[in-house]
Amino acid sequence: MKIGQKPELPGALAQTGLAKQAKSPAPAAEGVAKGAAAASAAGVPVTVSGSARALEQPGRTSSEFDAKRVSEVRAAIGNGTFKVNAEVIADKMLSSAQEIFSRSRG
């Protein structure tokens, strides 16, 4: 996915007709709340699994990102000077997978 493009909607949303209501991306907690409110208005029951609730990070706010860094990366991509460090990405993916596995095992 390229920067500035909206992510594809899951098939379940498209099948229930809620795809039209899910226009703007939102943080996980807000997205769940907005989706539930939209589904209630449409008369479609919505439930959030325990696994989805476990993924929600307590205390996380939408201001956890560095806007200056985002603009720097965006400019570097635009200039063609952005370098991807595959080692760092691999390390973060492994760390994330380990965290998910440790949560699922209890």
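**Entry 1: a pair in α4**

Which helix holds both Arg69 and Glu72, and how many residues apart are they? I found both in helix α4, three residues apart, or about one turn of the helix. Before going on, I noted that this is a predicted model, where local features need pLDDT of at least 70, side-chain atom pairs count only at pLDDT 80 or more, and totals for chains, interfaces and linings use all residues. Residues are numbered from 1 along each chain as its sequence is written, and side-chain values use heavy atoms, with hydrogens and water left out.

Arg69 and Glu72 make a salt bridge, with 3.8 Å between the closest N and O atoms. The term asks for a side-chain nitrogen of Lys or Arg within 4 Å of a carboxyl oxygen of Asp or Glu. I then checked exposure: Arg69 is partly exposed at 47% relative accessible area, and Glu72 is partly exposed too, at 39%. (Buried is under 20%, exposed is over 50%, and partly exposed is in between, using a 1.4 Å probe and protein chains only.)

**Entry 2: the other bridge**

My search of the whole structure gave two salt bridges. Besides the α4 pair, Glu99 bridges to Arg103, and here the closest N and O atoms are 2.7 Å apart. These two sit four residues apart in helix α5 (residues 86-105), about one helical turn. An α-helix has 3.6 residues a turn, so residues three or four places apart point the same way. Glu99 is partly exposed at 37%, and Arg103 is partly exposed at 40%.

**Entry 3: length of α4**

I put a ruler on α4, which has 13 residues (67-79). The expected span is 1.5 Å times one less than the number of residues, so I wanted 18 Å, and the end C-alpha atoms are indeed 18 Å apart. Just after α4, Gly80 takes a positive phi of about 80°.

**Entry 4: a nonpolar patch**

Next I looked at the surface, where Ile77, Phe82, Val84, Ile89 and Met93 form a nonpolar patch with about 480 Å² of accessible area together. Patch members need over 30% relative accessible area and no salt bridge; nonpolar side chains (Val, Leu, Ile, Met, Phe, Trp, Tyr) are joined within 5 Å, like charges within 9 Å. Phe82 is in the loop between α4 and α5 and counts as partly exposed at 37%.

**Entry 5: whole chain**

I counted five helices and zero strands; these are DSSP runs numbered from the N terminus (helices H or I, at least four residues; strands E, at least two). Of the 106 residues, 4% count as buried. The chain exposes about 9,100 Å², with 57% of it from carbon and sulfur atoms; areas are Shrake-Rupley with a 1.4 Å probe.

Last, confidence: the chain averages a pLDDT (the predictor's confidence in each residue, from 0 to 100) of 74, and 54% of the residues score at least 70. Over residues 12-26 the pLDDT is below 50.

Methods
Contact = heavy atoms within 4.5 Å.
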